[in-house]
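This report describes one protein structure in sections, starting with a sheet and ending with the confidence of the model. The sequence and coordinates are shown below.

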Amino acid sequence: MSTGPSPREFRRLLLNWFAENARDLPWRRSRDPYSIWVSEIMLQQTRVAAVLEHYHRFLRRFPSVQDLAAAAEDEVLAHWSGLGYYRRARLLHRTAQVVVNEMDGRLPQTAAELRALPGVGDYTSAAIASIAFGEAAACIDGNVERVLRRLRAWHEDSGLRTKIREEAARLLDPGRPGDFNQAMMELGATVCLPRSPLCLQCPVCGLCATRGEHPARARKPMRARESAYAFLLRKRNRGDEVLLERRPPDATLMPGMWEMPALGPKPASEDAPILTLRHSITDTNYFVSIYGLNLKELRRLSTTTTARRWFAASELPTLPLTGLARKVLKRLHAWPDPGEASPAPALSRNRPIALKPGAD
Ligand code: SF4
């Protein structure tokens, strides 16, 4: 069996390539453990482009672990809204409180100690320990795993996880573990792509056992679901207001988040929806219809008994909204313009929808 590429040669090629080709991402300009921690939690199962939209805003509001620990959970969720997987935000918040209350506000410096914190697993602990504190701990995310499997032509088998872990540790540059880990993840994210790896641009092509001739892991087919929601707004002197309902605290998905009143999969409305869109959550594509209703119709069509509340447009950005609610409110021009001051602005000057009269 082949022993694999020489670590020395591999590191040299990879780190030279990274120096020339690394994307300029804001968290790469920082060695602050707290900022790195926030970025690593945001990046789990989330596209870089989506994280870029939230990272600065989140750190502006919660610039330190103390600020995060002292905030109300709803406010943390509001600043996470749109990133999905809200359990991450809740855990981040809870862990910040542990760090402040039990560790004098300082994150531990080793991967082993970091792993003992709630919500910090192997990957995140290795990322923080190597990037912020220079510990030689190898990060293994989906990108790194794919690169190593192709590099060594390893197929699925029961010992694969151990082999990957050992190979990642063998190749890791102990002198520059943070840069090495980031370079490996960058290679997987930008060159050794899941479907069609760009082997001609790959810095370690000469050391690779497969050069793209390796089956990608089969992708699970997406499930399809239909869902429908009501959009209600009412006019007030200080501006328009939108009706929202809160998901139950024991809901499996997104407990306690606000959204438009749910109508179940197919409401018996005679009218066409005012908006249809597709929204993906993990392995499910939701085909969503939004109906412009008044309160009487909502009572007839609604499938939930959840408490509801009217919110002024200016309050919307401060609420822990589901990603779908946020997307719909923006599409329906119900979101306040960033530059507009309170009191709440009228919802839209050119809203392309016709709502039923008598919403309140
Ligand atoms: S040569 Fe191709 S398959 Fe091998 S590591 Fe590079 S991009 Fe991936």
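## The four-stranded sheet

In this predicted model, an open sheet is built from 4 strands in the order E5-E1-E7-E6, with mixed pairing. Strand E5 (262-264) and strand E6 (275-281) are the edge strands, and each of them pairs on one side only. From one strand to the next, the twist averages 30°. Strands of a sheet pair through backbone hydrogen bonds, in either a parallel or an antiparallel sense.

Which sense do E1 and E7 adopt, parallel or antiparallel? Strand E1 (residues 223-231) and strand E7 (residues 284-292) are parallel and share 9 bridges. Within this pair, Arg 223 is opposite Thr 284 of E7, and Ala 228 is opposite Ser 289 of E7. E1 and E5, by contrast, run antiparallel and are joined by 2 bridges. Tyr 229 has Ala 262 of E5 as its bridge partner. Helix H13 (residues 323-331) lies across E6 and E7, and runs at about 150° to E6.

## Domains and their contact

The domain assignment divides the protein into domain 1 (7-207) and domain 2 (223-331). The C-alpha centres of domain 1 and domain 2 are 34 Å apart. Contact between the domains involves 7 residues of domain 1 and 9 residues of domain 2. On the side of domain 1 that touches domain 2, H5 gives the most, with 3 residues. By class, that side of domain 1 has 3 nonpolar, 3 polar and 1 charged residues.

## Helix H5 and the loop after it

Which residues of H5 are buried? They are Val 76, Leu 77, Ala 78, His 79 and Trp 80. The buried residues of H5 pack against helix H3 (48-61), helix H4 (65-70) and H6. H5 thus appears in two settings: its buried residues pack against these helices, and H5 also gives 3 residues to the side of domain 1 that touches domain 2.

After H5 comes Gly 82, with a positive phi near 105°. Tyr 85 is in the loop between helix H5 (73-80) and helix H6 (86-102). The phi of Tyr 85 is also positive, near 45°, although this residue is not a glycine.

## Positive phi on either side of H6

Is Tyr 85 partly exposed or buried? Tyr 85 has 17 C-beta neighbours inside 10 Å, and therefore counts as partly exposed, since the buried class begins at 20.

Asp 104 is in the loop between H6 and helix H7 (111-115). Its phi is positive, about 60°, and Asp 104 is not a glycine either. Asp 104 is exposed, because 7 other C-beta atoms lie within 10 Å and the exposed class takes 12 or fewer.

## Phe 180 in helix H11

Phe 180 belongs to helix H11 (residues 177-190). Why does Phe 180 count as buried? It is buried because 24 other C-beta atoms lie within 10 Å, and the class requires 20 or more.

Leaving aside residues up to four places away in sequence, Phe 180 touches Arg 11, Leu 14, Leu 15, Leu 172 and Asp 173. Of these partners, Leu 15 is 165 residues from Phe 180 in sequence, while their C-alpha atoms are 6.6 Å apart in space.

## Overall figures and confidence

The secondary structure of the protein consists of 13 helices and 8 strands. Its C-alpha atoms fill a box of roughly 75 × 50 × 35 Å along the principal axes. The protein has 360 residues, of which 38% count as buried. Among contacts with a separation of 6 or more, 68% come from residues 24 or more positions apart.

The average pLDDT of the protein is 87, and 91% of the residues score at least 70. Over residues 340-355, however, pLDDT stays under 50. The model has 31 contacts beyond four places in sequence for residues 340-355. Where pLDDT is low, predicted coordinates should not be read in detail.

Conventions:
Residues numbered from 1 in each chain as written. Predicted model: local features only at pLDDT ≥ 70, side-chain atom pairs only at ≥ 80, totals over all residues. pLDDT = per-residue confidence, 0-100. Pairing = 2+ DSSP bridges. Axes fitted to C-alpha atoms, helices over the stretch in contact; angles between N-to-C directions. Domains from an automatic or database assignment. Nonpolar A, V, L, I, M, F, W, Y, C, P; charged D, E, K, R; others polar.
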